[in-house]
Amino acid sequence: MPLDRAGAAGAAAQIDRSDGRLGGEAARLTSITKSFYGQAANEDVDFDLRWGEIHALLGENGAGKSTLCSVLAGLYHPDSGEIRLDGEQVELRSPHHALEQGVGMVYQHFRLVERFTVAENLALGHPDTKVLASRKELERQVAELGRRYGLEAAPEAGVWQLSVGEQQRVEILKLLHRGVRILILDEPTAVLTPQEARSLFATMRALADEGRAIIFVSHKLDEVMEVSDRVSVLRDGRMVGSMEIAEADPARLARMMVGRDLAVPDRPRIEAGAPVLSITGLTAAGDRGIEAVRNVDIEVRASQIVGVAGVAGNGQRELAEAIAGLRRIEHGQIFLGGVDITRASPRQRIRLGLGFVPEDRMRTGMAGGLPLPANLALKAYRRPPLSRGPLLSKRAMDDRARRLEHRFDIRGVRWGLPTSLLSGGNIQRAILARELSAGPKVLVAAAPTRGLDVAAIQAIRRLLLEEREAGTAILMISEDLEEIMELSDEIVVLYEGRIMGRLEPGQASPEVLGMLMAGRTVDPA
Amino acid sequence: MNESVILLSIVSAVGIGTPILLAGLGEMYTEHSGVMNLGIEGMMLGGGVVGFWVSTQHTSLPLALAVGAAVGALFALVHAFLAVTLRVNQIVSGLALVITGTGFAAFIGSLNDSALTYERPLSSFEPVFGEGMRDLPLVGPLVFGHDWVVYLSWVLVAASAFWLFRTRWGLSLRAVGEDPAAADTVGISVTATRYIYTMVGGAGAGLGGTYLIAGIFSNYQHGITAGLGWIAFALVIFAGWRPWRALAAAYIFGVLRNLGFSLQIIGVDIPADFLNALPFVLTIAALILISARSSAARKYSAPSALAVPYSRESR
Ligand SMILES: Nc1ncnc2c1ncn2[C@@H]1O[C@H](COP(=O)(O)OP(=O)(O)O)[C@@H](O)[C@H]1O
Ligand SMILES: [Mg+2]
């Protein structure tokens, strides 16, 4: 029975505790170095983990958190350094080998077979899965396992039907089913709603109390302060320090993480100019054919940022796509600088001065497989100097890329290699570089800072504010209320595709915005 | 229209459908592991010509089929090495295999000009069932009229459906083709799985090729497969990567293949090239129909990692 295995591991963890080994060393990494393409992602990193603790790993994007975790999970083989599990030196040959030693990782990109059911995913590769596993029997076992750990997920459901939060529960369950005692969670909260994050924290605590060791990767200070027992901070591939959470304070951690003080961008008062983007009565269907944007009116003027707030999935993506020309408009009209672009192609819109930063920066924002100069040229290659007639000038593209790299502070560029190797923050800088260098009249920015670290967020916001001063009309769609309040000259709240309310930044408080986002009307006080 | 013509064309469709089915089943395994092998035509020819040669020497059809399958698997091993280990573009590697296999067959064929024909059909190709059963109306020719390779192919279809969708091994195989990273983390060797099932695919093609040359034509000529390998490739898509559907599809393609002949008998003349294109037209139509319904698309679409090489440390 597959369940026995998990049960045995649970029992082993219990024994650890009664032995007084709780708090004993679960894993120790010494002098880990790991490079990609000659650039160190981890350099001489030491890290230790104790039984029964939640150990946060904090660091900006690209600091090397995932790399370090992947080394412990057997995915990456370190160039040098030593790994000890339970005091014994090991060489982890593969993720499976690590799993056999009780180390399991929930990756940022889940490792579930989407087309399989939950039960099939748990059975996959499990040593106790019978050759002719009966579906019913499997599903019964999985349901039981889920109940035991309070991680319930319908065993017969296909993974593709599950929400991200549910998929994450299945990943954790899968690892518990394998009897892991060291559980690594790589940025688990990045994809969760606040409620889901709460319940994840409760699960983490329960598992730690059973004697397991948990590594919790995050770049959110509040969460780290809230759930962890200890914290280690990585910066630029190096370990900058570890401490008990009781000795830590957010300001100090932030400084360790960023290594410098952050300037808060200020937003100078400027007079807004003439209306540049006018949207009237816009209605557009979502992917499933149901109306996702309903009768929306928005006007954005030159030198103005209009912030669109709302809980994800309330029509923001569809609105942005309708403006960019990527989604069919059912009713209503869009004007750009006085020209009706309702039926215009994306290319015509771009020519009229529309810039677009899509929310899915890896897939829609960039051609990840192309090198940076090509990506930066995507909207400019039709004109000299990048091309003459049908011929592209590689030299001009490279020169231009180097200039933009410098001006927009894109870091970690490896010339000639795919753009997808850049970290999220740098990819976003590159997208902004491409869009802003075209000198747009209107910029639509969807979730411009989602998932980025503090420094990158500040840089992106500063860019947006500079662009506003330069006279661009900006429509910024964001789920981050702080961002909305900090940057916007006017705020609209979307709820189920409708505009729930319009506010001046002075009127907006998190409470009022929260009410509107939840679909409650607020009396204009 | 003459009823016996229809019956005859269906029965002979089973004949020509069987090599397509065998090669297609093999390719289905390969593709479920996430490897695409375009080289079926080459493996059918290469495996088939050697299998045929064995049959002319030993008059043992089982041995000939086994040798044909083994040679097909060896050809596939080259593809596995290029595609899995070296991560070469699978389209390029597959096309190279077509050329290599065809050339190899032509070479063997030219060496053995005299030995590569039968004096008379081998006894192994006699129908399995007695005359009494074969003479039954309708079911006689349709069900009881075949040689044992046809029945073997039916058994293989049933066994494949079971293997792929009812066993632990099938689950692992499909996981490798869907999401190799997920399979890797739970301890399924992506490399071994892809090698093994790529070779299984080659064996299927070799089997089909041997049956085609030794069983149906009883002699070898240059380019004798005449595009059947490509039809087998289309078959996998048309069948939505499912064995039972492949069985039906193979016979539909077989009927189309023979249609020109049958139509000529009854006096309708349609260009053969047009009819030869029909399996591909049908495959495209099936793709359109399937993609129109999202539930069907999920069930009958290609393995997600098809033709995508896997490397643990890349992202
Ligand atoms: N598989 C890989 N291939 C190439 N570069 C990588 C790979 N994994 C990580 N890197 C690089 O190593 C650095 C650290 O990345 P990562 O460990 O993912 O950081 P974090 O998880 O802290 O955001 C980055 O510069 C990243 O581009
Ligand atoms: Mg990471």
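# A guided tour from an exposed loop to a shared ligand

Begin by selecting Pro384(A), which sits in the loop between helix H13 (372-376) and strand E17 (387-388) of chain A. Keep in mind throughout the tour that this is a predicted model. Pro384(A) has a relative accessible area of 60% and is therefore exposed, since exposed here stands for values over 50%. For a sense of distance within chain A, add Gly81(A) to the selection: Pro384(A) and Gly81(A) are 303 residues apart in sequence, and their C-alpha atoms are 51 Å apart in space.

Next, select ligand 2, the magnesium ion, together with Ser66(A) and Gln108(A), whose atoms OG and OE1, respectively, coordinate the magnesium ion at 2.0 to 2.7 Å. These two residues bring together distant parts of the chain, for Ser66(A) belongs to helix H2 (residues 65-72) of chain A, while Gln108(A), 42 residues apart from Ser66(A), belongs to the loop between strand E6 (103-106) and helix H4 (118-123) of chain A. Ser66(A) is partly exposed, at a relative accessible area of 23%, and Gln108(A) is likewise partly exposed, at 37%.

Keep Ser66(A) selected and add ligand 1, which lies between chains A and B. Which residues are the closest to ligand 1? Of the 16 residues that surround ligand 1, the closest are Gly62(A), Lys65(A), Ser66(A), Thr67(A) and Glu313(B). Helix H2(A) supplies the largest share of this shell, with three residues, and, sorted by class, the shell holds six nonpolar, five polar and five charged residues.

Individual contacts can now be followed around ligand 1. On the side of chain A, an N or O atom in the side chain of Ser66(A) is 2.7 Å from an oxygen atom of ligand 1, and a polar side-chain atom of Arg414(A) lies 3.5 Å from an oxygen atom of the ligand. On the side of chain B, a nitrogen atom of ligand 1 has a backbone N or O atom of Glu313(B) at 2.7 Å. Taken alone, ligand 1 exposes 550 Å², and the protein buries 91% of that area.

Now move into chain B and select helix H7 (residues 148-166), whose 19 residues reach 26 Å from the first C-alpha to the last, close to the 27 Å expected at 1.5 Å a residue. At the N-terminal end of H7(B), Asp147(B) acts as a cap, with a side-chain oxygen that lies 3.0 Å from the backbone nitrogen of Val149(B). Val149(B) is also among the buried residues of this helix, which include Tyr151(B), Val157(B), Leu164(B) and Phe165(B).

From there, select Glu178(B), which lies in helix H8 (residues 168-178) of chain B. Is Glu178(B) buried or exposed? Its relative accessibility is 13%, so Glu178(B) counts as buried, the limit for that class being under 20%. Add Ser304(B) to see a polar contact, in which the side chains of Glu178(B) and Ser304(B) meet at 2.6 Å.

For the last stop, select Met199(B), found in helix H10 (residues 190-217) of chain B. Met199(B) counts as partly exposed, at 25% relative accessibility. Finally, bring Phe75(B) into view: Met199(B) and Phe75(B) are 124 residues apart along the chain, yet 8.0 Å separates their C-alpha atoms.

Conventions
Residues numbered from 1 in each chain as written. Chains lettered and ligands numbered in written order. Predicted model: local features only at pLDDT ≥ 70, side-chain atom pairs only at ≥ 80, totals over all residues. Heavy atoms only, no water. Donors = N, O, S within 2.8 Å, 3.2 Å for Na, K, Ca; no water. Helix = DSSP H or I, 4+ residues; strand = E, 2+ residues; numbered from the N terminus. Buried < 20%, exposed > 50% of the residue type's maximum accessible area, 1.4 Å probe, protein only. Near = heavy atom within 4 Å. Polar contact = N/O pair within 3.5 Å; in protein donor to acceptor, adjacent residues only side chain to side chain. Areas by Shrake-Rupley, 256 points an atom, 1.4 Å probe, with all protein chains shown as cover. Nonpolar A, V, L, I, M, F, W, Y, C, P; charged D, E, K, R; others polar. Expected span 1.5 Å × (residues − 1).
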